[in-house]
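User: I am new to this structure and would like a close look at a single part of it. Please take the helix that gives the most to the largest nonpolar core, and describe what surrounds that helix.

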Amino acid sequence: MVDLGLKNFPQFAENYQTYQTILTFIRNRDRATLQQLVMNHRPNATEMDTVMRTIQKELLRDQERLSL
């Protein structure tokens with residue numbers, strides 16, 4: 001089922017892969033690579049843009065807390 005969506009909808013495929021990558025980084029507690037992915041995200045007018053902005057804000061907020 002997922003394969004059909006990935007083959008026929010390239011934008012969905014890109015967002016799905018990004019989502020899977022984010023989950024992997026979170027599970028592995030790989031903060032540096034997650035931050036790199038989020039900061040290099042190119043907006044594509046989908047809900048993934050909102051996800052990336054939210055993660056970016058949280059990462060920046062955490063950096064500010066650590067620098068205090």
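Analyst: What follows is a walk along helix H4, from the core to the salt bridges and then to the loops. The model is a predicted one.

Helix H4 covers residues 47-67. The largest nonpolar core has eight residues: Ile-22, Phe-25, Leu-34, Val-38, Met-48, Met-52, Ile-55 and Leu-59. Three helices, H2 (10-27), H3 (31-39) and H4, each supply at least two residues of this core. The largest contribution, four residues, is that of H4. As a general point, nonpolar side chains in soluble globular proteins tend to be buried together.

Ile-22, a member of the core, shows how the parts meet. With neighbours within four places in sequence left aside, Ile-22 is in contact with Leu-34, Leu-37, Met-48, Val-51, Met-52 and Ile-55. Among these contacts, Leu-34, Met-48, Met-52 and Ile-55 are also listed in the core.

Next comes helix H3, whose buried residues are Leu-34, Gln-35 and Val-38. Viewed down the axis of H3, these buried residues fall within an arc of 100 degrees, so they line one face of the helix. The cover over them includes H2 and H4. Leu-34 and Val-38 also belong to the core.

Now to the charged side chains. In general, side chains of opposite charge can pair when their charged atoms come close. The whole structure has three salt bridges. In one of them, Asp-62 pairs with Arg-31, and the closest N and O atoms are 3.4 Å apart. Asp-62 is in helix H4 and Arg-31 is in helix H3, so this pair ties together parts that lie 31 residues apart in sequence. Asp-62 is partly exposed, because its relative accessible area is 23%, and buried would mean under 20%. Arg-31 is also partly exposed, with a relative accessible area of 35%.

Asp-62 has another partner, Arg-65, at 2.9 Å between the closest N and O atoms. Both of these residues lie in helix H4, three residues apart, which is about one turn of the helix. Through the salt bridges of Asp-62, a network links Arg-31, Asp-62 and Arg-65.

Another salt bridge joins Glu-58 and Arg-61, with the closest N and O atoms 2.6 Å apart. Glu-58 and Arg-61 are three residues apart in helix H4, so about one helical turn separates them. An α-helix has 3.6 residues a turn, so residues three or four places apart point the same way. Both ends of this bridge are partly exposed: Glu-58 has a relative accessible area of 35%, and Arg-61 has 37%.

The last part of this look is the loop between H3 and H4, where Ala-45 is placed. Ala-45 is not a glycine, yet its phi is positive, at about 60 degrees. Most residues other than glycine have a negative phi. Ala-45 counts as exposed, because its relative accessibility is 77% and exposed means over 50%. The loop between H2 and H3 holds Arg-29, which also has a positive phi, about 55 degrees, without being a glycine. Arg-29 is exposed as well, with a relative accessible area of 78%.

To sum up, helix H4 supplies four residues to the largest nonpolar core, helps cover the buried residues of H3, and is tied to H3 by the salt bridge between Asp-62 and Arg-31.

Methods:
Residues numbered from 1 in each chain as written. Predicted model: local features only at pLDDT ≥ 70, side-chain atom pairs only at ≥ 80, totals over all residues. Heavy atoms only, no water. Core = buried A, V, L, I, M, F, W, Y, C linked by side-chain atoms within 4.5 Å. Buried < 20%, exposed > 50% of the residue type's maximum accessible area, 1.4 Å probe, protein only. Contact = heavy atoms within 4.5 Å. Arc of directions from axis to C-beta. Salt bridge = Lys/Arg side-chain N within 4 Å of Asp/Glu carboxyl O.
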